[in-house]
Amino acid sequence: MKDVTPVVDGWKLRLPGGGSGAGSGDGPLGPGAAGGQDTVPAAVPGCVHTDLLAAGLLADPFLDRNEQDAAWVGRTDWTYETALPASTTRHERSDLVFDGLDTVAEITLGGRRLGATRNMHRSHRFDVTAERAATAGTPLTVAFTSAYTEAERVRSLVGERPNSYPEPFQYIRKMACSFGWDWGPTLVTAGIWKPVRLEHWSTARLAGVTPQVTVAGGTGRVEAVIALERTAAGAGRPLTVRLRVGETVTETAVAAGADRATAVAEVADPDLWWPHGYGRQPLYDCEVTLLDPAAPAAELDRWQRRVGFRTVTLDTSPDEHGTAFTLAVNGTPLFARGVNWIPDDALPTRIDAARYRRRLQQAADAGVDLVRVWGGGIYESDDFYDACDELGLLVWQDFLFACAAYPEEQPLRSEIEAEARENVARLAPHPSLVLWNGNNENLWGFRDWEWEDALAGDSWGEGYYLGLLARVVAETDPTRPYWAGSPWSGSWDHHPNDPRHGTAHSWEVWNRTDYTDYRDSVPRFVAEFGWQAPPAYATARRALSDDPLTPDSPGMLHHQKAADGNGKLARGLARHFPVPADFDTWHYLTQVNQARAVATGIEHWRSHWPVCAGTVVWQLNDCWPVTSWAAVDGDERPKPLYHELKRLYADRLVTVQPRPGGLVAALVNQTAQDWTGTAVLCRVAVDGAVLAEVRLPFTAAPRTVAEVALPAQLLPADGSGKELLTVQADGLRAFWFPVRDKDFGYPEPGWDLDLAVHPDGGTAVTVTARTLLRDLLLQADRLGPGATADTGLTTLLPGESVTITVRGWEEPSPEAAAAALYCVNAAVRDGEAGVAR
């Protein structure tokens with residue numbers, strides 16, 4: 001059996017200039033401030049930024065405008081050094097393995113150059129057999145060249161290409177959003193970002209295992225495609241591969257000299273893996289063991305993962321509406337309830353298994369069943385996909401291309417192919433992974449963003465998306481569908497972002513119009529749409545020292561990366577509300593607008609299932625404290641949008657929707673059972689009086705939408721600011737206000753408040769409405785930075801109550817709770833703090 005020795009100890013980061021003076025933000029390191037030292041301790045895995053932060057030589061770039069003072073780090077060359085651990089192994093071969101180097105590196109051991117790398121998304125292996133017998137402490141050096149230097153070098157070779165941002169990210173195989181995005185900082189990292197180890201082995205090793213998992217006729221099948229590497233002594237030996245899946249074991253002979261093998265195991269009547277909300281997520285241990293029958297210790301190498309049995313298909317058949325885009329798992333078509341995922345930290349080496357689990361658990365708790373890993377980030381660690389396997393979260397995985405024209409020449413092309421083959425094989429065991437997607441917005445960009453004339457015939461990535469990547473998936477793991485890009489209509493016969501065909505991105509609404517315009521179209525699958533809001537108040541207050549804190553104070557503006565982001569927020573508010581008089585009202589109303597915008601889109605599109613087969617909200621998470629489209633901010637605090645997603649993505653949803661013939665109540669049933677009941681429809685005066693009521697029976701069959709036409713006597717008068725409509729069914733309720741908030745006659749808000757402290761430490765805050773309360777919100781983080789609430793925006797009619805459980809509130813009091821309560825009534829009536837007095 002091979003021996004593995006982690007190379008984690010003794011790493012040092014060599015400082016440029018022999019010392020430090022950058023801790024105060026004065027620029028590149030210089031002698032003096034660090035006592036003239038040449039190195040600081042380095043953590044592996046890690047990166048230069050985290051090492052400098054740990055050494056006190058870099059101000060936190062997430063705070064205030066410190067990001068600007070850290071820019072020099074990405075333009076500097078850096079060197080990591082350690083001593084190779086001594087080895088007494090008797091194995092024939094020793095390899096030094098780097099699971100990930102970020103990005104352009106030269107590796108030297110004992111004065112010998114082992115090789116060079118220029119791809120963050122690949123692993124690298126070097127034969128160091130000759131060095132292992134050297135004196136203990138053989139120096140190992142990994143010298144990193146600035147990613148800017150390499151990107152600019154490649155650009156000079158292949159020529160300029162257009163992109164959506166001013167940085168050269170498409171010329172280097174590195175996390176694109178390291179160079180900044182419209183929600184992220186520019187922090188161009190370098191370092192040993194994944195584990196390093198020595199592997200000692202003899203005869204042969206498992207160079208790669210790709211389990212292709214299928215189900216047919218009640219039988220699960222694992223076909224393990226195996227690559228072998230042999231030593232010279234092992235070249236002529238016949239070997240054996242043992243494959244175990246659960247309790248099923250098979251053995252396959254490997255002929256002398258062969259470097260490829262395929263082992264097959266069949267499992268009768270396997271327990272099927274289902275998405276979250278559709279069933280269980282059983283996982284089977286899958287183990288491949290390489291054996292040498294002629295050796296006393298027969299086991300040479302072992303590979304272990306977990307797999308799940310399920311089928312996945314992508315229906316892209318033409319129909320009367322255009323071209324479908326519907327995922328089906330185990331034969332069940334899905335309306336995908338999705339969120340887009342970006343790297344959860346701009347310094348991704350700080351993301352561990354526990355953090356992945358927290359964020360993905362938040363997604364599952366909100367009813368999400370699909371997570372799209374966006375193409376400007378990284379192929380996440382197995383910890384991410386393991387959590388998705390266990391939680392039943394389907395993964396749509398982009399290949400890593402985003403918002404730019406990518407050259408197809410060398411030195412990039414061979415790197416891209418190797419990267420794609422490695423990651424398709426690496427992620428193959430995960431049942432959660434159901435779709436490979438070629439790129440983010442590049443096919444659209446070629447057509448609509450004035451790229452074609454600028455390129456003048458130069459390559460731009462089409463050969464990757466419509467050729468290379470499709471071939472890699474088909475050859476490496478044909479069990480999953482591949483789609484060329486998002487948005488993409490399926491062919492050049494249609495506009496790439498034609499909502500009638502394939503996937504669509506809906507950004508015109510956020511950029512230029514009102515969120516009610518989401519109702520103007522029914523895309524087949526909405527892969528991106530969203531609306532901005534600032535982070536939670538406590539997050540902004542921790543990250544920014546602005547005094548006073550205002551929408552356009554220096555720190556707030558720096559942590560708003562979208563082009564004209566604040567202008568779009570202001571115009572979005574102005575369509576519905578009076579101008580906010582202060583920051584607190586602005587902060588609250590922008591949160592309300594974000595939640596309402598996303599709700600408008602999802603309710604409309606879900607009501608049109610199965611024509612529309614999914615929504616993927618931009619975005620679940622943030623990578624630092626920032627005003628963005630996220631539902632969970634950079635300090636892991638849920639925004640009101642997060643709580644709204646729980647309602648929007650529930651298995652059953654009630655919504656009022658305009659149709660050509662008038663208003664209807666749409667009852668969305670995504671369960672496997674009939675939903676039968678009585679819908680209670682009421683026209684209600686602003687004071688709570690019921691002006692008309694009708695009870696109508698309904699039945700929504702499994703996985704369908706039932707529509708109930710609203711009788712004329714229930715409809716508020718056009719333009720009325722004194723009436724509203726409610727629809728209730730099985731405890732679910734929808735509201736319809738006939739006019740926008742600024743035109744509605746909201747009463748002065750009034751409520752009664754009661755507190756009850758539970759023995760487990762939670763505090764129940766019960767609010768009983770004396771008047772109509774629109775979008776009541778208890779902002780728990782204003783009660784204390786560690787406080788959380790289990791409820792978001794809630795609308796109450798007079799006499800109704802809501803109980804909100806708050807945890808982490810150290811000193812509960814009615815006065816504090818009242819001060820943290822906001823509602824639309826006050827904001828519309830007087831434009832002041834939005835707090836009922």
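Me: Helices are DSSP runs of H or I with at least four residues, strands are runs of E with at least two, and both are numbered from the N terminus. The model is predicted: local features need pLDDT of at least 70, side-chain atom pairs count only at pLDDT 80 or more, and totals for chains, interfaces and linings use all residues. Residues are numbered from 1 along each chain as its sequence is written, and side-chain values use heavy atoms, leaving out hydrogens and water. Where is the place of Pro-610?

Reply: Look just past helix α15. The next strand named here is β32, at 614-617. Pro-610 sits in the loop between α15 and β32.

Me: What is the omega of the peptide bond from Trp-609 to Pro-610?

Reply: That bond leads into the loop residue Pro-610. The bond is cis. Its omega is near 5°.

Me: Which residue does a cis peptide bond join to Thr-103?

Reply: Start with the setting: Thr-103 lies in the loop between β5 (93-98) and β6 (104-109). The cis bond here has an omega of about -5°. The partner of Thr-103 is Asp-102.

Me: Is His-121 buried or exposed?

Reply: His-121 belongs to the loop between β7 (112-118) and β8 (124-127). Its relative accessible area is 7%. Under 20% counts as buried, over 50% as exposed, and in between as partly exposed (1.4 Å probe, protein chains only). His-121 is therefore buried.

Me: Which residues does His-121 touch, not counting those up to four places away in sequence?

Reply: Contact means heavy atoms within 4.5 Å. One run of contacts is Arg-173, Lys-174 and Met-175. Another is Gly-377, Ile-378 and Tyr-379. His-121 also touches Leu-400, Glu-419 and Asn-423.

Me: What is the relative accessibility of Ala-456?

Reply: Ala-456 is in the loop between α9 (451-455) and α10 (462-476). It has a positive phi of about 50°, although it is not a glycine. Ala-456 counts as exposed because its relative accessibility is 67%.

Me: What is the relative accessible area of Glu-636?

Reply: Glu-636 lies in the loop between β32 and α16 (640-648). Its phi is positive too, at about 75°, and Glu-636 is not a glycine. The residue is partly exposed, since its relative accessible area is 26%.

Me: Which residue in the turn between β38 and β39 has a positive phi?

Reply: Two strands pair if DSSP finds at least two bridges between them. β38 (723-729) and β39 (732-736) pair antiparallel over five bridges, and Ala-729 has Leu-732 as its bridge partner. The strands form a hairpin with two residues between them. The turn residue with a positive phi, about 50°, is Asp-730.

Me: At roughly what angle do the axes of α14 and α15 cross?

Reply: Axes are lines fitted to C-alpha atoms, for helices over the stretch in contact, with angles from 0 to 180 degrees between N-to-C directions. The axes of α14 (565-574) and α15 (583-606) come within 10 Å. Leu-569, Gly-572 and Leu-573 of α14 make the contact with Trp-586, Leu-589, Thr-590 and Asn-593 of α15. The axes cross at roughly 80°.

Me: What is the order of the open sheet of three strands?

Reply: Its edge strands, each pairing on one side only, are β44 (794-796) and β46 (821-822). Two bridges join β42 (773-778) to β44, and Leu-776 has Thr-794 as its bridge partner. Helix α15 packs on the sheet, touching β42 and β46, at about 110° to the direction of β42. The pairing is antiparallel, and the order is β44-β42-β46.
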